[in-house]
Amino acid sequence: IIEIETSLNLIPIVDNIEKINTTIIFSTIVELEKSLIDKTEIEKIILIKVPTEIYPELRKIFVFVFENSGFKDVNISDVVDFQKLYDQRKIQ
């Protein structure tokens, strides 16, 4: 059993807006099969599979919090390609 914390940070793309440091951390508990011992597969579960599955809910919570705080035009990507981010990380 492992706990995976996925964070979503708000970074304003417009320079004339006052910056708000905002982070939401979403914790997920995952039980891995005992037969799964390959480090690469575990890494892919943690960095690709889980974030891909929970991102829609995390995004929904993030937008909900901002909209209920008076910020109506929060623009957050509907989809994040965690596989692409993982691949970029491996290249570096």
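## A nonpolar core shared by two strands and two helices

The largest nonpolar core here has 17 residues, and those with the most contacts inside it are Leu8, Val50, Tyr55, Leu58, Phe62 and Ile76. (A nonpolar core is a set of buried Ala, Val, Leu, Ile, Met, Phe, Trp, Tyr and Cys residues joined through side-chain atoms within 4.5 Å.) Strand E1 (2-10), strand E2 (22-30), helix H1 (39-67) and helix H2 (82-91) are the elements that give two or more residues to this core. H1 gives the most, with nine residues.

This is a predicted model, so to speak of local features pLDDT must be at least 70, side-chain atom pairs count only at pLDDT 80 or more, and totals for chains, interfaces and linings use all residues. Residues are numbered from 1 along each chain as its sequence is written, and side-chain values use heavy atoms, with hydrogens and water left out.

**The overall picture**

- The protein chain has two helices and two strands; helices (H or I, at least four residues) and strands (E, at least two) are DSSP runs, numbered from the N terminus.
- Read from the N terminus, the order of elements is β-β-α-α.
- The radius of gyration of the protein chain is 16 Å, while a compact globule of 92 residues would come out near 12 Å. That radius is taken over C-alpha atoms, and the globule rule is 2.2 Å times the number of residues to the power 0.38.
- Along the principal axes, the C-alpha atoms fill a box of roughly 50 × 30 × 20 Å.
- Look at contacts between residues at least 6 apart in sequence, and 59% of them join residues at least 24 apart; contact means heavy atoms within 4.5 Å.

**Surface and charge**

- Of the 92 residues, 24% count as buried. Buried means under 20% relative accessible area, exposed means over 50%, and partly exposed is in between (1.4 Å probe, protein chains only).
- The accessible surface comes to about 7400 Å², and 53% of that belongs to carbon and sulfur atoms. These areas come from the Shrake-Rupley method with a 1.4 Å probe, and for residues only the protein chains shown count as cover.
- There are 11 positive and 16 negative side chains, with the centres of the two sets 3 Å apart. Lys and Arg count as positive and Asp and Glu as negative, while His and the chain ends are not counted. Each charge is placed at NZ of Lys, CZ of Arg, CG of Asp or CD of Glu.

**Strand E1**

- Isoleucine 4 lies in strand E1 and counts as buried because its relative accessible area is 5%.
- Not counting residues up to four places away in sequence, isoleucine 4 touches Phe26, Ser27, Thr28, Val30, Ile46 and Val50. Its C-alpha atom is 6.7 Å from that of isoleucine 46, although the two are 42 residues apart along the chain.
- Threonine 6 also has its place in strand E1, and with 9% relative accessibility it counts as buried.
- Leaving aside neighbours within four places in sequence, threonine 6 is in contact with Ile24, Ile25, Phe26, Pro51, Ile54 and Leu58.

**Strand E2 and the loop after it**

- Threonine 28 is found in strand E2 and is buried, with a relative accessible area of 15%.
- Beyond its neighbours within four places in sequence, threonine 28 is in contact with Ile2, Glu3, Ile4, Val50 and Ile54.
- Aspartate 38 sits in the loop between E2 and H1, and its 40% relative accessibility makes it partly exposed.
- From aspartate 38 to threonine 52 is 14 residues in sequence and 20 Å in space, C-alpha to C-alpha.

**Helix H1 and phenylalanine 62**

- Isoleucine 45 has its place in helix H1 and counts as buried, at 16% relative accessibility.
- Setting aside neighbours within four places in sequence, isoleucine 45 is in contact with Leu32, Leu36, Val50 and Pro51. Isoleucine 45 and valine 30 are 15 residues apart in sequence and 9.3 Å apart in space, C-alpha to C-alpha.
- Phenylalanine 62, one of the core residues with the most contacts, is in contact with Leu8, Leu10, Thr22, Ile24 and Ile76, again leaving aside neighbours within four places in sequence.
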